[in-house]
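Work through the exercises below with the model open. Try each task before reading its solution.

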Amino acid sequence: MSDQTNTDLREEVRSRYAAAARAVLEPDVGATASCCSGSAIDPCCGAGLASEEAVGGFSEYLYREGETDGLPEEAVQASLGCGNPLAVADLHEGERVLDLGSGGGIDVLLSARRVGPSGFAYGVDMTDEMLALARANAAKAGATNVEFRKGEIEHLPLPDASVEVVISNCVINLSTDKPAVLAEMFRVLVPGGRIGITDVVADDHMSAADRAAAGSYVGCIAGALSRAEYLDGLAAAGFVDASVTFTTETVPGMHSAIIRAVKPSTA
Ligand SMILES: C[S@@+](CC[C@H](N)C(=O)[O-])C[C@H]1O[C@@H](n2cnc3c(N)ncnc32)[C@H](O)[C@@H]1O
């Protein structure tokens with residue numbers, strides 16, 4: 001893709017998610033932006049906040065009953081993911097966690113709870129309106145071990161080897177430079193660190209044209225990697241023990257998936 005096309009796509013993504021954040025921040029204004037399905041607060045790719053019929057047999061990868069209790073309503077409403085990265089990241093007390101494309105902050109706030117006061121949860125997002133929503137949600141939640149930083153996931157605003165875990169929920173498919181994102185995840189992880197990600201992933205037989213026909217870029221479909229592309233990209237970035245596991249078929253040939261990998265402890 002040309003640089004101009006990439007810039008246009010990124011601006012389209014930013015504007016779509018800015019409108020989604022405004023719909024939660026200012027519900028009376030009547031923002032009409034949509035994500036995947038026409039509602040500003042629907043999950044990006046169809047399977048974020050759990051209803052049993054939406055998730056079929058894969059509910060163990062979504063927010064469990066009661067898991068979001070105590071979070072500000074706006075954080076829950078703004079959830080635009082396609083899974084529950086916390087359910088796959090297996091966070092421990094004291095760990096430092098980074099959420100790529102943190103949106104309204106739901107996974108950062110849940111991570112902060114999980115890692116406790118001796119741990120820390122960072123969120124990075126490029127959209128000012130999402131950052132404003134996430135910071136307001138953190139203040140409402142009284143979370144003191146969180147920080148939301150403005151930035152692009154292709155150029156993370158964190159030092160080398162600064163977190164034990166990278167999570168992300170339905171964002172990497174939106175990036176116009178996925179090799180840069182995978183390399184940045186590797187850079188900010190400590191040796192032995194891990195990723196626990198949920199994303200939309202295509203069947204390997206789906207061509208770029210098939211993916212574009214299946215759904216829009218801003219709706220998290222057209223820009224999705226295939227499983228083989230994900231695994232190759234993770235290996236090229238230096239990750240080991242990588243896996244891509246399909247959970248729910250969102251549209252034919254396109255899946256919500258969980259992605260795990262480890263940065264070697266000798267790296
Ligand atoms: C589908 S929403 C998911 C938000 C959140 N992870 C959740 O589960 O609710 C995508 C988010 O990623 C952000 N985003 C998309 N592309 C990005 C990029 N290249 N760099 C930083 N943030 C990005 C958007 O601003 C938006 O907040």
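**Exercise 1.** Where does the ligand sit?

Solution. This is a predicted model. Start with the cavities. The ligand sits in the largest cavity. Next, take the shell around the ligand. It divides into eleven nonpolar, eight polar and four charged residues. Of the 23 residues around the ligand, those that come nearest are Leu80, Gly101, Asp125, Thr127 and Ile153.

**Exercise 2.** Find the polar contacts of the ligand with Asp125, Thr127 and Ile153.

Solution. Use a cut-off of 3.5 Å between N or O atoms. Step one: take Asp125. One of its polar side-chain atoms is 2.6 Å from a ligand oxygen atom. Step two: turn to Thr127. A side-chain N or O atom of Thr127 lies 2.6 Å from an oxygen atom of the ligand. Step three: check Ile153. Here a backbone N or O atom is 3.1 Å from a ligand nitrogen atom. Finish with the area. The ligand taken alone exposes 600 Å², and the protein buries 99% of that.

**Exercise 3.** Do strand 7 and strand 8 run parallel or antiparallel, and how many bridges join them?

Solution. Locate strand 7 at residues 240-251 and strand 8 at residues 254-262. They run antiparallel, joined by eight bridges. Pick one pair: Thr248 has Ser256 in strand 8 as its bridge partner. Then inspect the turn. The hairpin has two residues between the strands, and Gly253 takes a positive phi near 85°.

Terms used: Residues numbered from 1 in each chain as written. Predicted model: local features only at pLDDT ≥ 70, side-chain atom pairs only at ≥ 80, totals over all residues. Heavy atoms only, no water. Near = heavy atom within 4 Å. Polar contact = N/O pair within 3.5 Å; in protein donor to acceptor, adjacent residues only side chain to side chain. Areas by Shrake-Rupley, 256 points an atom, 1.4 Å probe, with all protein chains shown as cover. 1 Å grid on protein atoms, 1.4 Å probe; cavity = no way out; pocket = protein on both sides within 12 Å on 5 of 7 lines; lining within 4 Å. Sits in = over half its atoms within 2 Å of the grid points. Nonpolar A, V, L, I, M, F, W, Y, C, P; charged D, E, K, R; others polar. Pairing = 2+ DSSP bridges. Helix = DSSP H or I, 4+ residues; strand = E, 2+ residues; numbered from the N terminus.
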